[in-house]
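Here are a few exercises to work through with the model open in your viewer. Try each one yourself before reading on.

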Amino acid sequence: MPKIRLATDVGGTFTDLVFYEVDAGQAVVNGVQAVKSHTTPPNFEKGVLAAVEKAEIDEPSIEFFAHGTTVVINALTERKGVKTALITTKGFRDILEIARGNRPDFFNLLYEKPEPFIPRYLRQEVSERLTYKGKVLEPLSTDGLSNILDSFKAEGVEAIAICLLHSYANPAHEIALEQAIQDHWPEVSTVCSHQITREWREYERSNTTALCAYVRPIAVDYLTRMENELHANGFDGSFYVMQSNGGIDTLSSAKATPITMVESGPASGVLGAAALGELIGEKNIIALDIGGTTAKCSLIDNGNVEVTSQYMIEKSQLSAGYPIMTPVVDIVEIGNGGGSIAWVDEDDKMHVGPKSAGAKPGPVAYGKGGTEPTTTDANLMLARINPEYFIGGEIAADMSAVASSFDTIGKKLGLTATEAARGVVRIANHNMISTLKLVSINRGYDPRDFTMVAFGGGGAMHATALAKELSIPKVIIPAHSAVFSAWGMLMSDLRRDYVRTHPIPITNSSAAELNGIFQEMESEAEEAYRADDIDASAVRFERFVDLRYDGQEHSVRVPIPNSEIDSAEIAATLDRFQDAYEKEYTYRLEAGINLVSFHLVAYAEVERPEMAKIRPLDSLQDAVKEEREVDFDEDGIHMAKIYNRDLLGSGAAFSGPAIVEESGSSTVIFPDQTATVDDYGNIHIHLSAHD
């Protein structure tokens, strides 16, 4: 009996499921299949189970299950975590309040810092002190700890964050303090900073620990419910959770430090784009994910996915946001998606987003009570989406309500309903173009050197217009693009990041110290994997170092080979730093160079079957569903051919104006663009005939 490998991605509007069957020889049977179901907040597991049922999958046949979820980021943004306390080193109780001085609204004399997730009355101190090298200046004293914990109990605290000064260099005091807390109060959830990261910067580390503790009971409860429901239905396979760093990890690891799941869904899409690029020979990619609530983009340079530990949530033009010091795929996000609401301000100016109609009531076309038009409604008005095949025909689009909503907003602006719909698409595209520039032009990359891989429910709808504006020569719409982030999870290995701050001047004589620290970190990673029953032989490593010039504050991360480091390799690493620094800042300095942090990535490889190729094209005409008038905005209204993507075999070639329809998405191909289909079912759209 074939076994099933599946992945689910819970989004703000839809829950996506991708799966395929494998035989005893791990060959793919019947190709990749996908379904969508509505997201079901706050009980997100119900939407996942509904998707499994919709796909007609028997849980006992599932051998591999990877899950991406928004439960962590939702708990943070909606302030729905648990009551959390902080215990820190004496004298540092107000670190969350002090924060940083890097306020974005610099000239606003009335600016207020973001409010800490943990109020001052729930922040307490213990006596202890380490040096920045981890040596004990003052031993840990737990005198008074019982009084602190009793006060937390009285306040209804459910989780405690533990972050002591310089514990990145030596976690011994945090370990002892956590044990003392558990001895006194075993029911409380605890998170120590060293369990998440051993990187310096006290405020960022403290805030990360606080946020992790804040969401941990919520995440643990959710993952446990999911696990129990699956097991009750006969599931006995491996359960993995998608992490923000672009890898999956075990359920037990995700429960221990759930802050690593903060951007799990978006990260998997970027990893999927990189895996697709490797499969079809595209190394330079701009990944664009347009979902129901947001649009996200990331740049892949020569096959490398950029990962950063300087991640922020809720950062805006008016707020400094909150730092999260865990490795996260470098993604830029904007509140513009298919469900983004169009509105007119008091100055009669139209905006799109960031507010979203979500899954309930959803766009006006859903007929569930929504009255404010969205980007999806605008695409329906312009006939880019077929109202008779809306969400694969699952919903009959309420076009009279859609027209009425645009008529209402149009009257405020002196426009017709159709003109208002065009305006919504233009504004949404403009917002997304600004975001795409942040990951490309603003970082010294020329978009003309890249291919755009667009996915998510709205990716195929907007990608060709965005690429046209940025002179990107080619757009690829992957097979099953509407659920591509879930597909990316099936292409991901287990990944754990180990970052250790250990500042030293880096010279030719530093080789022995570098080798010793990396070997120590590798042993730690192997031991952690063994605890999850993963053999060390399945683990592979990547090494990086964070370097900076003498006298500078921030660093640049560069790779270093996973082999014995000698003086020649140190010289090569310094050259790589100089090149990377100049690319980032346009100059280089004649100054000494310091190593700040060691970064080890530990992968445990997951067996991935070879992807099956689709059948060759029989007849292009057989794939034509109909012809209808479609509004291509500035390119005019044209009679466009409408293709059924399921019938476009490999080798298919056609020109715009055209729309390619599939159950979860529609691809818009403008009049001056051509398209071909490759062996794996991906659509390659060239923006001009000579590209």
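**Exercise 1. Find which residues Tyr-445 touches, leaving out those up to four places away in sequence.**

Keep in mind that this is a predicted model. Start with the contacts: Tyr-445 touches Leu-299, Asp-301, Val-439, Ser-440, Phe-450 and Lys-583. Next, place the residue along the chain: Tyr-445 lies in the loop that runs between helix 12 (417-439) and strand 22 (451-455). Finally, take one partner and compare sequence with space. Leu-299 is 146 residues from Tyr-445 in sequence, yet their C-alpha atoms are 9.2 Å apart.

**Exercise 2. Work out how many disulfides the chain has, and what surrounds Cys-163.**

The cut-off comes in here: two cysteine sulfur atoms have to be within 2.5 Å. By that rule the count is 0 disulfides. Cys-163 fits the picture, as its nearest cysteine sulfur belongs to Cys-192 and sits 9.3 Å away. Now for burial, where the limit is under 20% relative accessible area. Cys-163 has 0% relative accessibility, so it counts as buried. Cys-297 has a relative accessible area of 2%, so it is buried too.

**Exercise 3. List the buried residues of helix 1 and look at what follows the helix.**

Helix 1 covers residues 44-54, and its buried residues are Phe-44, Glu-45, Gly-47, Val-48, Leu-49, Ala-51 and Val-52. To read the spacing in that list, recall that an α-helix has 3.6 residues a turn, so residues three or four places apart point the same way. Then step past the end of the helix: Glu-56 follows, with a positive phi near 60°.

**Exercise 4. Describe the chain as a whole: what are its secondary structure, its dimensions and its burial?**

First, the secondary structure: there are 16 helices and 34 strands. Second, the radius of gyration is 26 Å, close to the 26 Å that the globule rule gives for 691 residues, so the chain is as compact as a globular protein of that length. Along the principal axes, the C-alpha atoms fill a box of roughly 80 × 60 × 55 Å. Third, 56% of the 691 residues are buried. Fourth, among contacts with a separation of 6 or more, 69% join residues 24 or more positions apart.

**Exercise 5. Characterise the surface and the charges of the chain.**

The accessible surface is about 28300 Å², and carbon and sulfur atoms account for 48% of it. As for charge, the chain has 60 positive and 100 negative charges, and their mean positions lie 4 Å apart.

Technical notes:
Residues are numbered from 1 along each chain as its sequence is written. This is a predicted model: local features need pLDDT of at least 70, side-chain atom pairs count only at pLDDT 80 or more; totals for chains, interfaces and linings use all residues. Side-chain values use heavy atoms; hydrogens and water are left out. Helices (H or I, at least four residues) and strands (E, at least two) are DSSP runs, numbered from the N terminus. The radius of gyration is taken over C-alpha atoms; the globule rule is 2.2 Å times the number of residues to the power 0.38. Buried means under 20% relative accessible area, exposed over 50%, partly exposed in between (1.4 Å probe, protein chains only). Contact means heavy atoms within 4.5 Å. Accessible areas come from the Shrake-Rupley method with a 1.4 Å probe; for residues, only the protein chains shown count as cover. Lys and Arg count as positive and Asp and Glu as negative; His and the chain ends are not counted. The place of a charge is taken as NZ of Lys, CZ of Arg, CG of Asp or CD of Glu.
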